[in-house]
Structure formats: structure tokens, C-alpha cells
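Please examine the sequence and the three-dimensional structure shown below before reading on. The report is best read with both in view.

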Amino acid sequence: MSRRVVRQSKFRHVFGQAAKADQSYEDIRVSKVTWDSSFCAVNPKFLAIIVEAGGGGAFIVLPLAKTGRVDKNYPLVTGHTAPVLDIDWCPHNDNVIASASDDTTIMVWQIPDYTPVRNITEPVITLEGHSKRVGILSWHPTARNVLLSAGGDNVIIIWNVGTGEVLLSLDDLHPDVIHSVCWNSNGSLIATTCKDKTLRIIDPRKGQVVAERARPHEGARPLRAVFTADGKLLSTGFSRMSERQLALWDPNNFEEPVALQEMDTSNGVLLPFYDPDSSIVYLCGKGDSSIRYFEITEEAPYVHYLNTFSSKEPQRGVGFMPKRGLDVSKCEIARFYKLHERKCEPIIMTVPRKSDLFQDDLYPDTPGPEPALEADEWLAGQDAEPVLISLKDGYVPPKHRELRVTKRNILDVRPPAGPRRSQSASDAPLAQHTLETILEEIKALRERVQAQEQRITALENMLCELVDGTD
């Protein structure tokens, strides 16, 4: 009699656990907008949640350590004139977040490390180019200041946030509303799903579809898709009998899925969160009270069910922490921030180990906060893999990095090249002075003084907090 061989995997025992009550964020009025985004974005410094706001759109940004009950007067980020539909943290600066709204605009915000006294109302830059609501945002994984947005006008725009310029506009590739957009690991391709039931792989710089699959799932409800580390695609959707499905596709052969998993019958759209370091995909359905997870491998059957984390309350949205924000000393391999109606609850996924040593098999080098390319290099055709960092000694987020905003709105953490004086109109010969250059010079000096004053105020606030802390 043959013995059944158990599949070897270090992730066969991944346990999910909700954080203790005092580690949750209470009294947050989560947005009730009917939109299939996650309503939550998180990084190693901050938790951002789209909230209910009268007369416009707003989201709240909390330092990760500020758990417990949130003051009802806690400052919000407000600037949109209609509900916020999506938010996304910049992967290369933990103090920068973008928001997309029903008011057709995208705003990019600088979040200070200290708690602001009043609402943040002035974005660093407002990006205007869509003619209808903007519901999807995604930062480029390796190029600095490159942001993708997709709107109800069926258009994808790729921006250079530093200058406010449109780098690329893909306006004739989708005949209907776009449901999801995902970059591949080096940002050379994007995968999109659309209301026309087609899964597309697009080369944005060439402005063309390089592969597509009509009806990857037969059902009528929205699809989602994400790239895996080796360039395959994971899609979630519905069968003709309304069963929820997870499929793995090879873009070089789009006829049949590499693997197909059927789950249950439910209306909630499954949001896939893929971790390239462990090759695990987590499926969170809006309105579900569970998170399923599967390991993706290179041998048949390719998609292996691991487990399901279940709780009593349904989730209204979910935030997914980047790998560098996890606690490696506790063998934590994923952390979710589950939104309830009035609170946000961390859910921690761990692989139990007896040793206290760093588990290097669980934590390969992972993308860090440094970009590999500049925006113009990427646009010119260069590709680069993410700049990786080791988590062996844990990750410490860098201190507040100011976005330098010049007249061209260049958001950069580095000082401008070359001496400042050579750019000054006051150093030019008198004959070259015109009313326009003098006014421009005055404006530039005022902006510089204003930036210095803001920096002084920020330092004074930090000083006050330090003095209060020592008391």
C-alpha cells in the first residue's frame, strides 16, 4: 500500500491571529462609499483610512503606534470636493501618499512625522487630467515619482509627480470601466482587468496590448489580477454558477489557465494581495469575514491551498503591510489591517519557529525605499529590478524626508544639482533683467522662505513633543 507523501513547504503552517483589543484603532468612521478598493493603505510609519466626510472627501493618517481610541477631532487630510475612492503610499518615501477622488483629481500629500494641529488641506501637487472619477492609484515599483491612475473615463494616465506632467496617456485600450491595474516587479508591464471581461497585459511605453485573454472567468462580476514574481498572472473572478475562483495564467499561453481553484458562492469581489518573497497570495473579499491564502509553486498543481483565517466580523476593506514593516523577531510574514464599521484591526500572519535566530529562509532580501530609476530614465526605456534590503536587523524607517518643491514641483529628497547662486536673476547683468524675471525671482525667494518657515514650525513642534516627553 503506497503512502501519501505530504508536500514539503515551510508555509504549510501559517497562522493568522487578530491583534489584542488595545492594538486596534477604535472610533474611526470608515467610508461607506460603494467602491471596490481596499479603503486602507499602510506602510512602516503610518496607517491611512478613507473616512466619512461631510461636503467632500477625506482620509485619516495615524502613526502606527497610535493605537486605541482615536479622538473625534483628530486632524484629517481634506482637500477633495467629492469622496476619496483610493489611496496609495509612495514606496520610495514613507511620508508621501496619493489620493484619488470622485472629483476627477489626484492629490499628492506630504505627511509630517509629528501630529498636525489642524486638518491638512494643502496637497503638494494636484494632478488634473481625467474627465471622470478616478478610482485606481498605483505607484511605480522602481522609478521615482511615477504614479499610475485609472478613471471612469476608461483612461490610464502615468504621471511624473515631480513635475505634474503626464508621461503617458493610454486612452484607447479599454472600451469600458477599468476594474484593476497592477505593475509587474520591475514596472515594465501592467496587467488590467476591465468591465468588458478581458484580462490585458500592456506595455505602457509602447502604448499597446502585448497579450490578452477574453473571459478568464465566465461570471459577470468584476475580475482582479496581480503579477507573480516570475511574470505569471493570478486572477480572481466568478464562474458562470457564481462560484468564486482563483486562476494562475502564463501570459505566453493564455488559452488555458495553469491552475484553477474554485472556492465558494459569495457576492464579494476577492481582492488578491500577493507576497513575492514567500509566493503566497492572500484573498480578502469585501463583506467576507475570512482571509484565504494559497502558496504558488513551480510544480503541479501550482496553486496550493494553505489555510483560512476566519473571524466574526465582515471586513469593509483591508490594508496590506509591505514586508519591511513586519516584525521579523516574531516570524511575522504578513500583516493586514482589517476595516470594520468603526475600527481597524491588525491581523498578523506568522510561521511558528522554535529558534529565536533570524529566519533567513522566511525573509529573503526585499524591496527597500530607494528607487532604482528616475522617471525620465524609465520613460526612455530603461528597466531595473527593485533595490533590495536585508531585514536581518529589522527595518528602521528613515526620518522625515522633505519633498523639495520648486517652481516645476519637483518632489525629490535630494538637493538640486549645481550652485544655487548661478540660478539667481539678481546675479544676471542688469540689461537681462525684465519685469518677468524679477517677479519670478521674488516668487521663488518667497517660496523658499515659506518652506524654511514650515520647516522651523515642524522642528519647534518636534521640540515641544520632546520636552513634554521628558516631563
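The sections below treat confidence, annotated repeats, the nonpolar core, one group of strands and two loop residues.

## Confidence in the model

The structure is a predicted model. Its mean pLDDT is 88, and 90% of the residues reach 70 or more. Residues 413-433 call for separate mention, since pLDDT stays under 50 over this stretch. For these residues the model has 23 contacts beyond four places in sequence.

## Repeats listed in the record

An unreviewed UniProt entry lists "repeat: WD" for residues 77-119, 127-169 and 171-212. In the model, residues 77-119 are 51% strand and 0% helix, and the C-alpha atoms at the two ends of this span lie 6 Å apart. Residues 171-212 are 52% strand and 0% helix, with end C-alpha atoms 17 Å apart.

## The largest nonpolar core

In soluble globular proteins, nonpolar side chains tend to be buried together. The largest nonpolar core of this model has 37 residues. Those that touch the most other members are Ile28, Leu47, Ile49, Phe59, Ile111 and Tyr337. At least two residues of this core come from each of strand 3, strand 4, strand 5 (57-63), strand 8 (84-89), strand 10 (105-110) and strand 29 (332-339). Strand 4 gives the most, with six residues.

Tyr337 may serve as an example from this core. Leaving out residues up to four places away in sequence, Tyr337 touches a number of residues, among them Tyr25, Cys40, Val42, Leu47 and Leu64. Its contacts also include Gly317, Val318, Gly319 and Met321, as well as Cys344, Glu345 and Pro346.

## Strand 21 and its partners

Strand 21 comprises residues 233-238, and six of its six residues are buried. Leu233, Ser235 and Gly237 point one way from the strand, whereas Leu234, Thr236 and Phe238 point the other way. Residues on both sides are buried.

Strand 21 pairs with strand 20 (residues 224-227) in the antiparallel sense through four bridges. One of the bridge partners is Thr236 in strand 21, which is matched with Arg224. The two strands form a hairpin with five residues between them, and Gly231 in the turn has a positive phi of about 90°. Strand 21 also runs antiparallel to strand 22 (residues 243-249), here over six bridges. In this pairing, Leu233 has Trp249 as its bridge partner. Strand 21 and strand 22 likewise form a hairpin, with four residues between them, and Ser242 in its turn has a positive phi of about 65°.

## Two residues in loops

Is Lys45 buried or exposed? Lys45 lies in the loop between strand 3 (40-42) and strand 4 (46-51). Lys45 counts as buried because its relative accessibility is 14%, and buried means under 20%. Its side chain forms a polar contact of 3.0 Å with the side chain of Asn95.

Gly129 is found in the loop between strand 11 (125-128) and strand 12 (134-139). Its relative accessible area is 48%, so Gly129 is classed as partly exposed. Which residues does Gly129 contact, leaving aside its neighbours within four places in sequence? They are Ile157 and Trp159. Ile106 is 23 residues away from Gly129 along the chain, and the C-alpha atoms of the two are separated by 8.9 Å.

Definitions and conventions: Residues numbered from 1 in each chain as written. Predicted model: local features only at pLDDT ≥ 70, side-chain atom pairs only at ≥ 80, totals over all residues. Heavy atoms only, no water. Buried < 20%, exposed > 50% of the residue type's maximum accessible area, 1.4 Å probe, protein only. Contact = heavy atoms within 4.5 Å. Polar contact = N/O pair within 3.5 Å; in protein donor to acceptor, adjacent residues only side chain to side chain. pLDDT = per-residue confidence, 0-100. UniProt positions renumbered as here; feature names shortened; annotations may be inferred. Core = buried A, V, L, I, M, F, W, Y, C linked by side-chain atoms within 4.5 Å. Pairing = 2+ DSSP bridges.
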